[in-house]
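Biologist: Could you take a close look at one part of this model with me, starting with a loop and working towards its surroundings? I am new to this, so please explain each term as you go.

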Amino acid sequence: MVCLGNICRSPLAEGILKSKLITKDILIDSAGTGSYHIGDLPDLRSIAIAKKNGIDITNQRGRKFVVEDFDKFDVIYVMDAYNYNAVLKLARNEADKAKVDFILNKVFPNENLDVPDPYSGGDYGFKNVFNMLYEACEIIAKQID
Ligand code: 4NP
């Protein structure tokens, strides 16, 4: 799960998907394409909306997406077009590129829609983002089951 800061959207996506695949031996992680929040806790507003929905994301810390992630993961879900392009820039070959998809394509196939960055907005943006990611992760979890 990849966004820009790895403190708002992708930690929610990681937490939601983990909560749905708790019995499975699957590696789920998140990262940011920016360096601003390496080592940071998720944004307090992400922590709050997750907690309200029974998910604890306080164990997560911000990290930057690295090229080795293409080897570690089968699928790389990005939150928006900016991060799609940032991840594709690091791809070494076509196989790497083929692993990258917009997470909302799970809900709206082939539309390449953005999960909006809620960082500069209020709590409503985080609720909205949570609901979008919840729907997408439900589909991902069903497909893995
Ligand atoms: P995220 O949100 O990409 O969903 O984690 C952001 C968090 C921080 C910044 C931008 C987006 N920032 O510029 O610090």
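**From the loops to the ligand**

Modeller: Happy to! I26 sits in the loop between α1 and β2 (31–32). These labels stand for DSSP runs numbered from the N terminus: helices (H or I) have at least four residues and strands (E) at least two. Residues are numbered from 1 along each chain as its sequence is written, and side-chain values use heavy atoms, with hydrogens and water left out. Please remember that this is a predicted model, in which local features need pLDDT of at least 70, side-chain atom pairs count only at pLDDT 80 or more, and totals for chains, interfaces and linings use all residues.

Is I26 buried or exposed, or something in between? I26 counts as partly exposed because its relative accessibility is 38%; buried means under 20% relative accessible area, exposed means over 50%, and partly exposed lies in between (1.4 Å probe, protein chains only). I26 and F73 are 47 residues apart along the chain, and their C-alpha atoms are separated by 9.8 Å.

Next, try the loop between β1 (2–3) and α1, where you will find N6. N6 is not a glycine, yet it has a positive phi of about 60 degrees. With a relative accessible area of 2%, N6 is buried. A second residue with a positive phi is N112, at about 50 degrees, and N112 is not a glycine either. N112 belongs to the loop between β4 and α6, and its 41% relative accessibility makes it partly exposed. That loop between β4 (100–102) and α6 also holds N105, which is buried at 10% relative accessible area. The N105 side chain reaches the backbone nitrogen of E111 at 3.3 Å.

N6 also brings us to the ligand, whose surrounding residues are C3, L4, G5, N6, I7, C8, R9, Y36, H37, D117 and Y119. To be listed, a residue needs a heavy atom within 4 Å of the ligand. By class, this shell has six nonpolar, three polar and two charged residues. Here Ala, Val, Leu, Ile, Met, Phe, Trp, Tyr, Cys and Pro are nonpolar, Asp, Glu, Lys and Arg are charged, and the others, Gly among them, are polar.

Which atoms face the ligand's oxygens? Polar backbone atoms of G5 and C8 each lie by a ligand oxygen atom, at 2.8 Å for G5 and 2.9 Å for C8. From D117, a polar side-chain atom is 3.3 Å from an oxygen atom of the ligand. The protein covers 89% of the 350 Å² of accessible area that the ligand has on its own; such areas come from the Shrake-Rupley method with a 1.4 Å probe, and for residues only the protein chains shown count as cover.

Two cysteines surround the ligand too, C3 and C8. A disulfide is a covalent bond between the sulfur atoms of two cysteines. The structure holds zero disulfides, counted as pairs of cysteine sulfur atoms within 2.5 Å. C3 is in none, as its nearest cysteine sulfur, that of C8, is 6.9 Å away. C3 is buried at 2% relative accessible area, and C8 is buried at 5%.

Terms used
Polar contact = N/O pair within 3.5 Å; in protein donor to acceptor, adjacent residues only side chain to side chain.
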